[in-house]
Amino acid sequence: MHRTAVVYCSKYGSTKRYAEWIAEETGAQLYAEKECSSRDLQDYDTIVFGGAIHAGGILGIKFIQKNLKQFAGKRIIVFAVGLNVEDEQNQQQCIEINFKKMMKDIPCFFLRGAYDPPRISGFDKKLMGMVRKMIAGKKNSEITEQEQELLKAIDEGADYVDRSRIAELVRFIKE
């Protein structure tokens, strides 16, 4: 039987919810990235890492990057959680930013997260304001349906976290 660990880095809670569900459905041990070391994972065959997408980067992905040698021979799977991850161009951009040459063969699954405007502050608030301004600055005829949905989420909030979204990832982990 394969031993699996799910490690997550969550800023507002969406990634943590997904990580908990994935661990529950696969029988994996759950670790918060900030409380985990590569030594904690030495006895696992599969390491599933999840991080929130923040300005194109996957939070905590450096944990995998810096420990690749220690994880040699282990199966590594990544899931990234974000508000606007269903667009293939956004997925490709995220992969290019986060998966350096040595990580190019690591599979990455994208799961939609949540956005709660009153909880956002500082840089995150500025970043979402810039995204909003960039989209709103387009002609109405140029704004895609996805961008309209993103604008609405930025203004009103949205929660796309859904346990059913992990089904493909769970199947992949169990293979």
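T26 sits in helix α1, which spans residues 14-26. In this predicted model, T26 comes out as buried, because its relative accessibility is 17% and the cut-off for buried is under 20%. The side chain of T26 has a polar partner within the helix region: one of its polar atoms lies 2.7 Å from the backbone oxygen of I22. Looking beyond residues up to four places away in sequence, T26 touches V170, I173 and K174.

Next, the nonpolar interior. The largest nonpolar core has 25 residues, and L41, F49 and I64 are the ones with the most contacts inside it. Several elements feed into this core, with at least two residues each coming from β1 (4-9), β3 (46-54), α2 (61-66), β5 (75-82) and β6 (108-112). A second core lies apart from that one; it has 20 residues, including A32, F79, V81 and F109. Back in the largest core, I64 is one of the residues with the most contacts. Setting aside neighbours within four places in sequence, I64 is in contact with I47, F49, F71, I76, M103 and I106. F49 thus turns up twice, as a contact of I64 and as another of the best-connected residues in the largest core.

On to the cysteines. The structure holds zero disulfides. For C9, the closest cysteine sulfur belongs to C36 and is 11 Å away, so the two are too far apart for a bond. C9 is also buried, with a relative accessible area of 17%. C94 tells a similar story: its sulfur is 5.7 Å from the closest cysteine sulfur, in C108, and that too is too far for a bond, because a disulfide needs the sulfur atoms within 2.5 Å. C94 counts as buried as well, at 3% relative accessibility.

C94 also shows up among the partners of a loop glycine, G56. G56 is found in the loop between β3 and β4, the latter covering residues 57-58. With a relative accessible area of 22%, G56 is partly exposed, because that value falls between the limits of under 20% for buried and over 50% for exposed. Not counting residues up to four places away in sequence, G56 touches C94, I97 and N98. Q93 belongs in this picture too: the C-alpha atoms of G56 and Q93 are separated by 7.4 Å, with the two residues 37 apart along the chain. So the partly exposed G56 touches a buried cysteine, C94.

Note on methods:
Residues are numbered from 1 along each chain as its sequence is written. This is a predicted model: local features need pLDDT of at least 70, side-chain atom pairs count only at pLDDT 80 or more; totals for chains, interfaces and linings use all residues. Side-chain values use heavy atoms; hydrogens and water are left out. Buried means under 20% relative accessible area, exposed over 50%, partly exposed in between (1.4 Å probe, protein chains only). A nonpolar core is a set of buried Ala, Val, Leu, Ile, Met, Phe, Trp, Tyr and Cys residues joined through side-chain atoms within 4.5 Å. Helices (H or I, at least four residues) and strands (E, at least two) are DSSP runs, numbered from the N terminus. Contact means heavy atoms within 4.5 Å. A polar contact is a pair of N or O atoms within 3.5 Å; within protein, one must be able to donate a hydrogen and the other to accept it, and residues adjacent in sequence count only if both atoms are side-chain atoms.
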